[in-house]
Every structure is written in structure tokens, then in C-alpha cells.
Amino acid sequence: MLTAKSGLGVKIMNKKISFLLKAIFIILVLILYVFATNWFFNKNVSYTNNLSDKKTLIVYYSHSNHTEKIANMVKQHLNCDVKKINAEEYENINAVDLTNLVTEQIQKNYLPKTEKIDMTGYNVIFIGSPVWKGDLSLPVKSFLINNDFNNKTIIPFYTFGGYVDKSKLDNEIKELSNNDNVLPSFLTVNCKFTFIEYRLIRWLNKIHLN
Ligand SMILES: Cc1cc2nc3c(=O)[nH]c(=O)nc-3n(C[C@H](O)[C@H](O)[C@H](O)COP(=O)(O)O)c2cc1C
């Protein structure tokens with residue numbers, strides 16, 4: 001026999017199940033929306049610029065591959081050379097240890113040793129960096145300080161995880177490379193919601209080289 005108490009229990013259970021089903025439905029609709037809009041946007045934009053006319057090189061640093069992903073997307077459209085900045089001291093350490101190490105190094109004004117990258121013959125240099133502590137990553141800072149950017153056009157791109165002041169990074173690139181010829185940069189968080197490919201192609205199409 002169904003008592004009033006157990007009847008109330010069934011009602012509450014039914015309400016919970018119906019709430020859960022609604023939540024699952026909304027999540028599925030959202031996922032579908034993101035994939036559909038990504039597909040739609042990407043389908044309706046294509047790379048039409050011709051940056052490959054100039055001798056172009058992409059140089060980037062990446063610890064957890066987000067920046068590398070962007071470097072590869074640029075390469076896919078430009079079909080140009082790519083070089084990764086290697087910084088041995090950050091290899092094989094997790095994000096927490098890396099953050100602690102970098103915090104300490106920034107306090108000490110320390111920059112890691114990075115191998116020299118030969119940029120002879122390249123006119124246009126894309127430079128990719130993750131954002132570290134609101135700043136360029138230390139390997140990219142080293143790279144900018146230790147290489148000659150005379151007569152080169154620099155095009156930066158950055159990946160970040162939370163908040164960043166893009167103009168601060170752009171100014172830092174100019175300062176450390178000792179070169180004012182820095183074109184508008186691309187900034188992205190690593191997330192499907194941000195339509196990365198679509199925004200990247202629009203950015204590439206807008207780049208105008210003299
Ligand atoms: C040491 C460290 C510091 C970071 N500082 C910031 C920060 O200040 N602001 C931010 O938005 N993201 C910050 N992040 C997140 C990274 O910028 C983000 O995950 C980036 O996409 C990583 O790029 P990568 O995978 O190419 O290494 C930090 C990450 C690390 C490891």
C-alpha cells in the first residue's frame with residue numbers, strides 16, 4: 001500500500017529526474033550549438049591573403065601545446081617554415097611546478113637559456129607565446145632579446161587562460177626586439193566557444209605587408 005510519505009518521496013524523485021533530464025537536454029543543445037556554429041563560421045571564411053609571397057617564419061614557444069596548435073594553424077594556411085623555441089629547463093614539469101618555478105624566476109629577473117634561431121633570409125616573423133603571469137613567456141623574452149630583428153616584420157600571437165592585456169604584450173614585443181615594425185596580434189584562449197579558426201583566418205586576411 002502506498003502511504004502519504006512514500007507518495008511524497010516518489011513525487012520528489014520524479015521532480016529530480018525531470019530536472020536532470022532537462023539539464024542534460026540543455027547541455028546537449030549547447031554542445032550542438034557550439035559545434036554547429038563552429039562548422040558554420042569555419043565554412044564561411046577562407047584564407048585569401050597571400051602572405052607566402054614574403055619569406056615567412058613562425059617561431060613559437062609552447063609548454064602545453066596550445067600555442068603550438070595556433071602555430072600549426074598559421075602554417076597550414078601560409079605553408080611556411082616553423083621553429084619551436086626549446087627551453088630544456090621547463091620540459092617534463094607539470095603546470096603547478098612550472099608556475100612556481102616561473103614565479104621565482106620572474107622575481108629574480110632570470111631568463112632561461114634558449115638556442116639561437118637562424119632567421120637569415122626571412123622577412124616576416126610570426127612569434128607565438130603563451131601568456132605567463134600577464135606577460136610574454138620567458139623563453140619568448142629570451143628569444144626576442146637574443147636575436148636580431150633588424151628589417152623584419154613581426155606578427156605576434158598569444159594564447160592565455162584567463163585575463164591578459166594584449167597591448168601590454170605587443171609593447172613588450174616591440175621593446176625586447178628593438179623593432180617597432182610589429183603588426184596587429186592575435187590572441188586566443190584554448191576553447192571551442194571562441195571560434196579560433198574563424199577568427200584566425202580573419203586576422204590573417206587583414207594582415208597587410210608593405
Ligand atoms: C607559468 C604560467 C603562468 C600563466 N599565467 C597566465 C596569466 O597571467 N594569464 C592568463 O590568462 N593565463 C596564464 N597562464 C595560462 C597559459 O597562458 C595558457 O594555458 C596558455 O594557453 C598555455 O600555452 P601553451 O600550451 O602553448 O604552453 C599561465 C600558465 C602558466 C604555465
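These exercises work through the ligand site and several residues of the predicted model above.

The model is predicted, so local features need pLDDT of at least 70, side-chain atom pairs count only at pLDDT 80 or more, and totals for chains, interfaces and linings use all residues. Residues are numbered from 1 along each chain as its sequence is written, and side-chain values use heavy atoms, with hydrogens and water left out.

**Exercise 1. The ligand shell**

Task: Describe the residues that surround the ligand.

Solution:
- Step 1. Count the neighbours. The ligand is surrounded by 18 residues. A residue is near if one of its heavy atoms lies within 4 Å of the molecule.
- Step 2. Name the closest. They are Ser62, Ser64, Thr67, Val131 and Gly162.
- Step 3. Sort by class. Six shell residues are nonpolar, eleven are polar and one is charged. Here Ala, Val, Leu, Ile, Met, Phe, Trp, Tyr, Cys and Pro count as nonpolar, Asp, Glu, Lys and Arg as charged, and the others, Gly among them, as polar.

**Exercise 2. Polar contacts and cover**

Task: Find which atoms of Val131, Lys133 and Thr159 the ligand approaches.

Solution:
- Step 1. Take the backbone partners. A ligand oxygen is 2.7 Å from a polar backbone atom of Val131. A ligand nitrogen is 2.8 Å from a polar backbone atom of Lys133.
- Step 2. Take the side-chain partner. An N or O atom in the side chain of Thr159 is 2.7 Å from an oxygen of the ligand.
- Step 3. Check the cover. Alone, the ligand exposes 640 Å², and the protein buries 83% of that. The areas come from the Shrake-Rupley method with a 1.4 Å probe; for residues, only the protein chains shown count as cover.
- Step 4. Assign elements. Helix H2 (66-78), helix H3 (95-107), strand S3 (124-132) and strand S5 (153-160) each give two or more residues to the shell. S3 gives the largest share, three residues. Helices (H or I, at least four residues) and strands (E, at least two) are DSSP runs, numbered from the N terminus.
- Step 5. Look at Lys133 again. Lys133 lies in the loop between S3 and strand S4 (135-136). Its phi is positive, about 55 degrees, although Lys133 is not a glycine.

**Exercise 3. Asn49 and helix H6**

Task: Trace what the side chain of Asn49 reaches.

Solution:
- Step 1. Place Asn49. It lies in the loop between helix H1 (4-43) and strand S1 (56-60).
- Step 2. Follow the side chain. It reaches the backbone oxygen of Leu204 at 2.6 Å. It also reaches the backbone oxygen of Ile207 at 2.8 Å.
- Step 3. Place Leu204. Leu204 belongs to helix H6 (residues 196-206). At 0% relative accessibility, Leu204 is buried. Buried means under 20% relative accessible area, exposed over 50%, and partly exposed in between (1.4 Å probe, protein chains only).
- Step 4. Compare sequence and space. Leu204 and Asn50 are 154 residues apart in sequence, yet their C-alpha atoms are 9.2 Å apart.

**Exercise 4. Buried or exposed?**

Task: Decide whether Gln105, Ser142 and Asn79 are buried or exposed.

Solution:
- Step 1. Gln105, in helix H3, counts as buried because its relative accessible area is 7%. Its side chain makes a polar contact with the side chain of Tyr90 at 2.5 Å. Such a contact is a pair of N or O atoms within 3.5 Å; within protein, one must be able to donate a hydrogen and the other to accept it, and residues adjacent in sequence count only if both atoms are side-chain atoms.
- Step 2. Ser142, in helix H4 (residues 138-146), is buried at 2%.
- Step 3. Asn79 is exposed, at 67%. Asn79 sits in the loop between H2 and strand S2 (81-84).
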